[in-house]
Amino acid sequence: MNKNYDVIVVGAGPSAVFLAYEIVAMNSKKKVLLIEQGKSVDKRVCPIEKAGKCVHCKPMCNITCGFSGAGAFSDGKLSLYNKSDDDLHVGGILHEYIGVDNTKKLIDYTDQIYLKFGADKHLEGTEYKDEVEKISKKAKKENLTLIDIPIRHLGTEKSHELYYKIQKYLLENGIDIMFETVVKDLIVENNEIKGVKVQSSQDYVDLKEEYEEIYSDKVVLAVGRKGANWLVDMCNAHDIKTESGVVDVGIRYELPDKIMEKINKYMYEGKLVGRVGTFRDKVRTFCQNPSGFVSTEVYDNNITLVNGHSYKEKKSTNTNLAILVSHNFSSPFNKPIDYGRNIAKNLNEIGAGKIVVQRFGDIRRGKRTWKEELDNNSVVPTLKDAEPGDLTFAMPYRTMKDIIDFIESVDKVIEGFAAPDNLLYGPEIKFYSNKVKITNDFETSVKGLYSIGDGGGMTRGLMMASCSGVQMARILEKNK
Ligand SMILES: Cc1cc2nc3c(=O)[nH]c(=O)nc-3n(C[C@H](O)[C@H](O)[C@H](O)COP(=O)(O)OP(=O)(O)OC[C@H]3O[C@@H](n4cnc5c(N)ncnc54)[C@H](O)[C@@H]3O)c2cc1C
């Protein structure tokens, strides 16, 4: 095994994958290694469809780990931008480092790569401007903003195919990838990166001590939300500077396609944001999946979270979307990851390790949802493994109230959004590490150590994570 590389990338999610792609595209002479704790994309299978429940894959969850990271089983909605907008609205804060215009150019470039590898040419949300405007006006009256940007939808099964082609392309073009290998630790001397300590994913979960060292003076952290926890440990261990972070806590909402008909048709994904109700916290919808399926994902320490996706071909009759509340902390408590993890742990306990599902009408009536009630509910859950119960036992009052107020406000824009049979699944939590402090060249406070993608808090979504990888490759090539 080669022990020395020009660049080591921790993780092989979209940010890392597009970094590697751009290295190849630039004909760079740099020898690049991606280290990924999960499997190659062709070996990634989630057993939930066959087993009927999450079997907590060992050593790593196949939904969140492996080549293309959380992107492989994602719905594959690539959020683009409006040419006339000064803001990018979604996907994180990449533009704060490189500017809005540069970010738009990067999105165009990265979108072309997705198209080259087989993404659907059709763009959602571009045909029905007048109808969208009408909904937007209604939303404004309720203090809600409707974010209207074009979306390219890959679909879960197509995302898999597309990333497989990219994986093949990278391996054929000189990128080295170590699969099922965990970066256990970083090697930092005198505040400069020297390399990484690795061990097999199996040894890592078995808490074995043995590890190997691989050396490089350029290491890029591209660990995604899955690695947020690990990243916090690394920041503490190696004095990597961070800023106060955020955690998004919420639920996955499932309701009939019929109610969401117009939004689904006109926009595919209607992103609504607002500060409504008692607390005026920022609440937003995220990751809407028309005719989609609610799914689960497993994070560190066996925390089970809910998510959602949709296929290009296989369809349900329900739409699902996340409703998330952003919580910031400062002093004396500043541990957003711990906060989110505690909520998730409690809710997982309430559901005996499963995702808890409750009808909106039951929440309003102050009662749990019982199995017989769910069996006869007009909205049939697409996540069969969810446990009917009571989310309010474990969800903080503030978050729950924010969500209820938000649903009731959206109901005035989309009739039926607050219907009693609609389903709430929890917990859906987006962990971001405490935001890693980086320069405009994405370098952390440790020399030669960089951070990109969702993990360090820079991006939140496929397109921006991918763009951050392309930009990182260009920075590395420029700073020879
Ligand atoms: C079910 C689901 C649906 C989604 N749908 C959409 C969507 O439709 N549109 C959208 O824009 N976004 C969507 N997302 C989010 C999107 O997938 C992420 O924003 C994106 O994948 C982030 O890319 P990343 O490279 O930053 O991190 P990730 O994709 O999370 O990849 C990080 C990788 O690093 C690896 N890793 C972490 N720590 C280590 C370590 N110590 N050693 C070795 N490897 C490590 C992980 O195994 C993982 O493979 C979805 C996510 C999920 C889970």
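Which elements cover the buried residues of α10? The cover includes α8 (228-238), β12 (246-256), β16, β17 (318-328), β18 (356-359) and β20 (423-431). Here, helices (H or I, at least four residues) and strands (E, at least two) are DSSP runs, numbered from the N terminus. A residue counts as buried if 20 or more other C-beta atoms lie within 10 Å of its own, as exposed if 12 or fewer do, and as partly exposed in between, with C-beta atoms placed from the backbone.

A word on the model before we go on. It is predicted, so local features need pLDDT of at least 70 and side-chain atom pairs count only at pLDDT 80 or more, while totals for chains, interfaces and linings use all residues. Residues are numbered from 1 along each chain as its sequence is written.

## Two domains

The protein is divided into domain 1 (7-118 + 156-243 + 433-478) and domain 2 (129-150 + 246-431), with bounds that come from an automatic or database domain assignment. Between the C-alpha centres of domain 1 and domain 2 there are 27 Å. At the boundary, 26 residues of domain 1 are in contact with 25 residues of domain 2; contact here asks that the C-beta atoms of two residues, placed from the backbone, lie within 7 Å. On the side of domain 1 that touches domain 2, β3, α6 (156-172) and α8 each supply at least two residues. By class, that side of domain 1 has 10 nonpolar, 9 polar and 7 charged residues. In this scheme Ala, Val, Leu, Ile, Met, Phe, Trp, Tyr, Cys and Pro count as nonpolar, Asp, Glu, Lys and Arg as charged, and the others, Gly among them, as polar.

## The ligand shell

Let us turn to the ligand. It is surrounded by 44 residues, of which G11, G13, G69, G224 and G453 are the closest; a residue is near a molecule if its C-beta atom, placed from the backbone, lies within 6 Å of it. The shell around the ligand divides into 17 nonpolar, 19 polar and 8 charged residues. At least two shell residues come from each of α1 (14-25), β3 (77-79), β7 (181-189), β15 (293-299), β16 (303-309) and α14 (462-478). Because domain 1 and domain 2 both give residues to this shell, the ligand lies between them.

## Helix α10 and its surroundings

Back to α10 (residues 336-350). Its 15 residues should span 21 Å at 1.5 Å a residue, and its end C-alpha atoms are 21 Å apart, which agrees; the expected span is 1.5 Å times one less than the number of residues. The buried residues of α10 are P336, I337, G340, R341, I343, A344, L347, N348 and I350. As a general point, an α-helix has 3.6 residues a turn, so residues three or four places apart point the same way.

A394 also belongs to this neighbourhood. It sits in the loop between β19 (387-388) and α13 (397-411), and it counts as buried because it has 21 C-beta neighbours inside 10 Å. Leaving aside residues up to four places away in sequence, A394 touches I343, N346, L347 and I350. The C-alpha atoms of A394 and A344 are separated by 8.2 Å, although these positions lie 50 residues apart along the chain.Strand β12, part of the cover over α10, is itself mostly covered, with 9 of its 11 residues buried. β12 runs antiparallel to β17, joined by 11 bridges, and antiparallel to β20, joined by 7 bridges; two strands pair if DSSP finds at least two bridges between them. G250 stands opposite L324 in β17, and its bridge partner in β20 is E428.

## Backbone details

Four spots deserve a look along the backbone.

| Site | Feature | Place |
|---|---|---|
| K58 to P59 | cis peptide bond, omega about 0° | P59: loop between α2 (48-51) and β3 |
| G426 to P427 | cis peptide bond, omega near 5° | P427: strand β20 |
| N190 | positive phi, near 50° | loop between β7 and β8 (192-200) |
| A352 | positive phi, about 50° | loop between α10 and β18 |

N190 is exposed because it has 7 other C-beta atoms within 10 Å. A352, which follows just after α10, is exposed too, with 9 other C-beta atoms within 10 Å.
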